[in-house]
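Dear colleague,

Please find below the structure that I am handing over to you, followed by an account of what was found in it. I should be grateful if you would read the two side by side.

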Amino acid sequence: MTSTPESRPEGPETPADPDFKGLPVTVSGLGVSGISAARALHGLGAAVTVVDGGDGPALRDRAAGLEADGIAVRLGDGETLPDGTALIVTSPGWPPSSPLFAAADAAGVPVWGDVELAWRLRRPHPATGEPAPWLAVTGTNGKTTTVQMLASILTAAGRRTAAVGNVGVSVLDAVLAEDPYDVLAVELSSYQLHWAPSLRPHSAVVLNLAPDHLDWHGSMEAYAADKGRIYQGNRVACVYNAADSATEDLVRAADVEEGCRAVGFTLGAPGLSELGVVDGLLVDRAFVADRRSTAAELASVEDVQPPAPHNIADALAAAALARAYGVEPRAVRDGLRAFRPDAHRIAQVAVVDGVTYIDDSKATNTHAAAASLAAYRPVVWIAGGLAKGASFDELAVTAAARLRAVVLIGADRAVIRDALARHAPDVPVIEAAEGQTGADAMAAIVRVAAGLALPGDTVLLAPACASMDMFTNYGERGDLFAAAVRGLEPR
């Protein structure tokens, strides 16, 4: 990042409350985070201009709301740097290759994300005199579940908290809240981390790493490097997945504060400085006085609902961050018991004629689908959509033994069909709803899947692909699946 104008320092040592009065700031993107950033900056006295390459009724309505408050908005041009801009605050989805950022670089104008802005605007908590610590979560999959579990645990411990960032409350709204939070559970995407050079969490976790968003980052190496930013400057614990060596490699590469520890989590028995599972119990060998010979019981596997392997892993990661913050074991148990996952995340819809129907529409990449498939057997798997350039060979290999049949849907179904032909040639593959979209498509898909399933089987919607070729989003895809299942007539 290049230098800001004199008297506007912008490196990691910047004071938490920089002076924005009169500063010409451009906000890129008229989505939720862009609107939040624009209003926050305007409230701090900045001269704000919001730019967005799109146009249309919805964007014009949002623009009118900002303009009524004195914030300038430019629609239809997201590439040209407004004259006089001293700082860009970008929405997370804008890629580094954007012409706007090339123009900013040429003009010596720094680019921050909304998370970077929020980090710099933290305020001292009246009880401690220090800003609320951030417990940060990233990874290819499981971020939202983990951060919501963490918030539930912190609440059970009596802390005022919220799940913020890439989920729930805007991180900017959280740091500027009139009633201050004690601690924040912060979900961060690779996009947000890319634009947050000053971020220094109390403790953080990278849950897992698998190829995703490579079109935005340019390479797997760049994607991993942005994920690894979450460990920079950690004070207490860098939590990693013992089953995913790439996450531990990111810990080893991180520049952390003296005394910060590496803490692993595993679905097996924990080693030294790890959390894991023993005889159906979640246990802690990291945050105990004598971790060589003792462990603290945190919760039962049955306290995690549903107790699928990837949910247990997420619970262990959340528990590790909570324990790093000083939460007692009882609060971990109580928080996990109170937690319920959001819709479309491995949610049981119904049991019809002895067949269980599971909605995991949120499984929009191969890594997420593999975790879902590992929880059930035998499975009639509904898969397909927009593959985003992914390969399905590894998934076909690992899932083959669990599959009763596969129902393929969506624009990129051929990629999955070819992988199954190579690695699971004996599994029946049926293609459904060709040329259809919406409710009619899903009704046809569910009828085909129901006809393939036997009592005791699971029909699993875990498409491993994005949804927008056939549905508005993964939420609509899951809702229509649930409606179609509930419309099935018992045999």
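T49 stands opposite A72 in strand 3. Strand 2 (residues 47–52) and strand 3 run parallel and are joined by 4 bridges; two strands are taken to pair if DSSP finds at least two bridges between them. Helices (H or I, at least four residues) and strands (E, at least two) are DSSP runs, numbered from the N terminus.

Before going further, please note that this is a predicted model, in which local features need pLDDT of at least 70 and side-chain atom pairs count only at pLDDT 80 or more, while totals for chains, interfaces and linings use all residues. Residues are numbered from 1 along each chain as its sequence is written, and side-chain values use heavy atoms, with hydrogens and water left out.

The sheet and its helices

Strands 2 and 3 belong to an open sheet of 5 strands with parallel pairing, in the order 3-2-1-4-5. Its edges are formed by strand 3 (72–75) and strand 5 (111–113), each of which pairs on one side only. From one strand to the next, the twist averages 25°.

Helix 2 (residues 57–67) lies across strand 2 and strand 3, and runs at about 160° to strand 3. Helix 3 (residues 99–107) lies across strand 1 (24–28), strand 2, strand 4 (87–90) and strand 5, at about 155° to strand 4. For these angles, axes are lines fitted to C-alpha atoms, for helices over the stretch in contact, and the values run from 0 to 180 degrees between N-to-C directions.

Two helix crossings

The axes of helix 5 (residues 143–156) and helix 11 (residues 309–325) come within 8 Å and cross at roughly 45°. The two helices are therefore oblique to each other (angles under 35 degrees count as roughly parallel, over 145 as roughly antiparallel, 65 to 115 as roughly perpendicular and the rest as oblique). Their crossing is right-handed, a term used if the near helix is turned clockwise from the far one by less than a right angle. Among the residues in contact (heavy atoms within 4.5 Å) are M149, L150 and I153 of helix 5 and D314, A318 and Y325 of helix 11. By class, this contact has 11 nonpolar, 3 polar and 1 charged residues; Ala, Val, Leu, Ile, Met, Phe, Trp, Tyr, Cys and Pro count as nonpolar, Asp, Glu, Lys and Arg as charged, and the others, Gly among them, as polar.

The axes of helix 16 (residues 438–452) and helix 17 (residues 474–486) come within 9 Å and cross at roughly 55°, which makes helix 16 oblique to helix 17. This crossing is right-handed. G438, A439, M442, A443 and V446 in helix 16 meet R477, L480, F481, A484 and V485 in helix 17. The residues of that contact divide into 8 nonpolar, 1 polar and 1 charged.

Backbone features in loops

A cis peptide bond, with omega about -10°, joins Q305 and P306. P306 is found in the loop between strand 14 (296–300) and helix 11. The peptide bond from R377 to P378 is also cis, with omega near -10°, and P378 lies in the loop between helix 13 (366–373) and strand 17 (379–384).

S273 is not a glycine, yet has a positive phi of about 60°. S273 sits in the loop between strand 11 (261–265) and strand 12 (274–278) and, at 13% relative accessibility, counts as buried (buried means under 20% relative accessible area, exposed over 50%, partly exposed in between, with a 1.4 Å probe and protein chains only). A464, not a glycine either, has a positive phi of about 65°. A464 lies in the loop between strand 20 (458–461) and helix 17, and is buried, with a relative accessible area of 1%.

With kind regards
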